[in-house]
Amino acid sequence: MTGGGEPAGPAPSLFLAAAAEARKNRRMPVLSYREALNQAMREEMARDDRVFLLGEEVGQYNGAYKVSQGLLKEFGPWRVVDSPISELGFAGLGVGAAIAGLRPIIEFMTWNFALLAYDQIVNNAAKMRSMSGGQLTCPVVFRGAQGAAHQLASQHSQVFENIYAYIPGLKVAVPATPRDAKGLLKTAIRDEDPVVFMESEVLYGSKGEVEEGELLIPFGQAEIVRDGGDVTIVAWQKMRFVALKAAELLEQEGIHACVIDPRTLRPFDLPAVLGSVARTHRCVIVEEGWPWMGSGAQLADAVQRHAFDDLDAPVLRVTGRDVPMPYAKPLEHEVLPTPERVVEACKNVLYRT
């Protein structure tokens, strides 16, 4: 995590106003999350002929989730390459291509299958710069879908952002909106080091405004999605929307929640969180993943170390339940964080239960 120390700069409300004003003056077509990812790759492939896409079904089938729609036709089979079902093999090919000077985008059909490629991502890509004494960089993007969808059971519903955020040498992006999907992916493709880009399976069809043309969102820059002075809620990707729904419910009871989406877990915009906690004095962290050793645990540790004097209550976490994801729909609902569980946690830190 970056940061520590006291945050500085204008209040969150001023950030929101400035961002809204900047976007108001630009054309803002509405795109789906998958279309935004597709646009990011198309623009980067057109801009830089070193960029290519490799993975299962990315060419002829246009991607398992249609994220690579039309790219084979536009850029040809040398730059949009269908691979066998061999995650370790094509992830390694991407690492080799990156250190040879190309800019590979490696698509995993799902991050659940990328466990087979973990050695290449962690032992080779992440450590290339360090183990070569800075002589080699590894500008590769590993991207694909993750998280629970709709009754896909335990082997296809996992959230693995934490096991990559744990690794030095990797950057980890977790976009929640179409705008963030495009802006963060373009930034990832231009990064000189390996990036793990986690997409939410259930957000591919979600829609939102996205600027046309160049859009780069820096890593390590959180978005204050909703301002409020009573409690800080930190949530990313799918949980951003759970947190926003919880904030609406809290508002009905006169409780004003500030919702922060970090957008990248490594680097992490800790100053943005500390700045909000300095005003609200309370913090709730919401994540889809399992509770033990999660990113939320790391963040709770950081908040309590750097903002101990600001806190009026312990930092609380709302996480997925500590079990493999069940298949049955009612049980799946029970496992995932809900707005009601977030509301309960917020009331606990406000001592209003």
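**A friendly note on the cavities and a pocket**

1. A good place to start is the largest cavity, whose lining comprises 7 nonpolar, 5 polar and 2 charged residues. Please keep in mind that this is a predicted model. The volume of this cavity is about 120 Å³. Its lining has 14 residues, and the closest to the centre are Ser157, Gln158, Glu288, Trp290 and Met325.

2. How many cavities of 30 Å³ or more does a search of the whole structure find? There are 2. The second largest has a volume of about 40 Å³.

3. If you would like to find that second largest cavity, look for its lining residues: Gln146, Val159, Glu161, Trp236, Gln237, Lys238, Met239, Glu287 and Glu288. By class, they divide into 3 nonpolar, 2 polar and 4 charged.

4. Both domains take part in these linings. Domain 1 (29–209) and domain 2 (223–350) each give at least three residues to the lining of the largest cavity, and each also gives at least three to the lining of the second largest cavity.

5. Next, the second largest pocket, which holds about 450 Å³ of space. Among its 19 lining residues, Asn162, Tyr166, Met293, Gly294 and Ser295 are the closest to its centre. The lining has 13 nonpolar, 4 polar and 2 charged residues.

6. Which elements supply at least two residues each to the lining of that pocket? They are helix H7 (161–165), strand E12 (264–266) and helix H11 (295–306). At least three lining residues of the second largest pocket come from each of domain 1 (29–209) and domain 2 (223–350).

Conventions: Residues numbered from 1 in each chain as written. Predicted model: local features only at pLDDT ≥ 70, side-chain atom pairs only at ≥ 80, totals over all residues. Heavy atoms only, no water. 1 Å grid on protein atoms, 1.4 Å probe; cavity = no way out; pocket = protein on both sides within 12 Å on 5 of 7 lines; lining within 4 Å. Points joined across faces, edges and corners; volume = space filled by probe spheres on them. Nonpolar A, V, L, I, M, F, W, Y, C, P; charged D, E, K, R; others polar. Domains from an automatic or database assignment. Helix = DSSP H or I, 4+ residues; strand = E, 2+ residues; numbered from the N terminus.
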